[in-house]
Amino acid sequence: VNGALLSKFVGKTVLIMGELQSQNDGIATVLTSDNMSVNIQMQPGAFYTGPVVEILGRVQDGQTIEEMHCREFTGSQPFDMKNYDAMVEFMHGKYKEIFA
């Protein structure tokens with residue numbers, strides 16, 4: 001999903017990509033593929049280092065996800081958030097029946 005879709009998935013498990021903006025006291029803020037800030041309730045002891053993180057978690061509200069798992073992308077090539085967002089839009093829009 002992206003930031004704009006979060007409110008449609010409250011209570012559900014989602015996968016979201018974001019650029020790490022900050023983290024403090026168990027809360028990370030990421031900038032999603034559609035340029036929205038989302039708060040991640042990190043697992044106890046978690047610390048993100050990658051510039052881009054993929055979060056699997058349960059949506060608490062339209063701005064917060066409780067992390068279940070995190071994968072960090074630290075490769076030498078930048079992650080293309082614009083292409084990722086286009087894929088999200090296809091998955092939840094025009095081609096959603098393919099991904100259902």
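Student: Quick one on charges: how many positive and negative side chains does the protein have?
Tutor: There are 7 positive and 12 negative side chains, counting Lys and Arg as positive and Asp and Glu as negative, with His and the chain ends not counted. The centres of the two sets lie 11 Å apart, placing each charge at NZ of Lys, CZ of Arg, CG of Asp or CD of Glu. Bear in mind that this is a predicted model: local features need pLDDT of at least 70, side-chain atom pairs count only at pLDDT 80 or more, and totals for chains, interfaces and linings use all residues. Residues are numbered from 1 along each chain as its sequence is written, and side-chain values use heavy atoms, leaving out hydrogens and water.

Student: OK, new topic. Which pattern does the protein follow along the sequence?
Tutor: Reading along, you get β-β-β-β-β-α-α, where helices (H or I, at least four residues) and strands (E, at least two) are DSSP runs numbered from the N terminus.

Student: And what about the core, which residues have the most contacts inside it?
Tutor: L6, I40, Y48, I55 and I65, in a largest nonpolar core of 21 residues. Such a core is a set of buried (under 20% relative accessible area, 1.4 Å probe, protein chains only) Ala, Val, Leu, Ile, Met, Phe, Trp, Tyr and Cys residues joined through side-chain atoms within 4.5 Å.

Student: Where does the largest share of this core come from?
Tutor: From β4, with 4 residues.

Student: What is L6 in contact with, leaving aside neighbours within four places in sequence?
Tutor: Its partners include V14, I16, V38, V59 and I65, contact being heavy atoms within 4.5 Å.

Student: How much of the protein is buried overall?
Tutor: 33% of its 100 residues.

Key:
Buried means under 20% relative accessible area, exposed over 50%, partly exposed in between (1.4 Å probe, protein chains only).
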